[in-house]
Amino acid sequence: MEILNDLPDDRFLELDAFLSILSIYEDRTRTRRLQRGLRPLLRPDLVVLEAGAGLGHMTAYLARRVQRVYAVEENALACRYLRHRFRQHPKVQVLCGPVETVEPPEPIDLVFQELYGPLLYDESLAALERLRFRPRAVFPDSGALEYGLLDSRRLKDPVARPDILPLLEGALVADLVPEVPRFRPLGTLCTWHWPEGLHCGEANLAGRAGDLVVLRLVVRHNGRVLCRAVECPNWPLVFTYRAGDRFRLQFVYEDALSRVQLEWR
Ligand SMILES: C[S@@+](CC[C@H](N)C(=O)[O-])C[C@H]1O[C@@H](n2cnc3c(N)ncnc32)[C@H](O)[C@@H]1O
């Protein structure tokens, strides 16, 4: 979804973010897998806080199974919608604003979050390390960013052609190729665990053939895979042209945004 007309900057940004929230729900695999992972953790006496409640579809799922749900959402349009949707719901309290600023009036048994970006930490996971309260558990509690290599000549993709790729040097491009059948990662570039946070190492491609680097998100809970990019279409694969044998990513958290830097050595 794309806004095609001129709008004031603030309105454009708010609406653009809202449209990207709407598009999440096209991915039914994501929703199904999250619900399947959550189900065994839920009990009627639990107090749950949803960090980033979107349109509230998971909120409604949680509210049917637990004592109370605090639905926290920072996007003003989504929050307005949540307030309306749950206005008479006895178990749901909607809180508008960044989850980092919330101080819930009671202990939180479980935080449910889905704040993963296609590069793992490029959307909002950093917010979970800045909470003003300490939940007993977080679901999902971990994730990883895997890397691999492809030979664009073998790929025979009409877009990611060997003579086009060098022009993309230095850029991380989501969805350049829609899927890579039988993708075999070479290793893990970054991992994130709650509560320890993010750890990134260096990718080593020395001795490996291929001109196109592929990065793939994996969402996990308690060591089990919930979703991989493309399998859950909400997350695309990310590509970059190979500009050396070693690279790393850095995530710089500024103004509530994680900026991503790619560095080749
Ligand atoms: C990927 S959606 C997930 C929505 C819902 N939890 C679900 O799984 O269907 C992420 C939501 O988190 C919200 N969000 C992102 N960062 C946030 C923050 N720091 N505080 C509150 N909400 C946030 C976004 O606006 C978006 O609605």
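Q: Which exposure class does Val230 fall into, counted by C-beta neighbours inside 10 Å?
A: The idea is a neighbour count around the C-beta atom, placed from the backbone: 20 or more others within 10 Å means buried, 12 or fewer means exposed, and in between means partly exposed. Val230 has 17 such neighbours inside 10 Å, so it counts as partly exposed. The model is predicted, with local features needing pLDDT of at least 70 and side-chain atom pairs pLDDT 80 or more, while totals for chains, interfaces and linings use all residues. Numbering runs from 1 along each chain as its sequence is written.

Q: What is the sign of phi at Val230?
A: Phi is positive there, about 80°, although Val230 is not a glycine. The residue lies in the loop between β12 (224–228) and β13 (238–241). Such labels follow DSSP runs, numbered from the N terminus: helices are H or I with at least four residues, strands are E with at least two.

Q: What is phi of Asp175, and where is the place of this residue?
A: Phi of Asp175 is near 70°, again a positive value in a residue other than glycine. Asp175 sits in the loop between β7 (173–174) and β8. With 13 C-beta neighbours inside 10 Å, it counts as partly exposed.

Q: Which residues does the cis peptide bond with omega of about -15° join?
A: That bond joins Phe139 and Pro140. Pro140 lies in the loop between β5 (137–139) and β6 (142–150). A cis peptide bond also runs from Trp194 to Pro195, with omega near 5°. Pro195 is in the loop between β8 (187–193) and β9 (197–200).

Q: Which sense, parallel or antiparallel, describes the pairing of β1 and β2?
A: Two strands pair if DSSP finds at least two bridges between them. β1 and β2 pair in the parallel sense, over 5 bridges. In this pair, Ala51 stands opposite Val72 in β2. β1 also pairs with strand β4 (residues 110–113), again parallel, over 4 bridges. There Val48 stands opposite Leu110 in β4.

Q: Why is β1 largely enclosed?
A: 4 of its 5 residues are buried, so the rest of the structure largely encloses β1.

Q: Which hand does the unit of β1, α3 and β2 have?
A: Handedness is read with the strands pointing away from the viewer: a clockwise path from the first strand over the helix to the second is right-handed. β1, α3 and β2 make a right-handed β-α-β unit.

Q: How many residues surround the ligand?
A: A residue is near the ligand if its C-beta atom, placed from the backbone, lies within 6 Å of it. Here 21 residues surround the ligand; Gly52, Gly54, Glu74, Glu114 and Ser124 are the closest. At least two shell residues come from each of α1 (9–24), β1 (47–51), α3 (57–63) and β2 (68–73). By class, the shell has 11 nonpolar, 5 polar and 5 charged residues. Nonpolar covers Ala, Val, Leu, Ile, Met, Phe, Trp, Tyr, Cys and Pro; charged covers Asp, Glu, Lys and Arg; the others, Gly among them, are polar.

Q: What does the domain assignment of the chain give?
A: Bounds come from an automatic or database domain assignment. It gives domain 1 (9–114) and domain 2 (143–264). Their C-alpha centres lie 28 Å apart.

Q: How many residues of domain 1 are in contact with domain 2?
A: Contact means C-beta atoms, placed from the backbone, within 7 Å. 8 residues of domain 1 are in contact with 8 of domain 2. On the domain 1 side, helix α2 (residues 28–38) provides the largest share, 5 residues. That side has 3 nonpolar, 2 polar and 3 charged residues.

Methods
Two residues are in contact if their C-beta atoms, placed from the backbone, lie within 7 Å.
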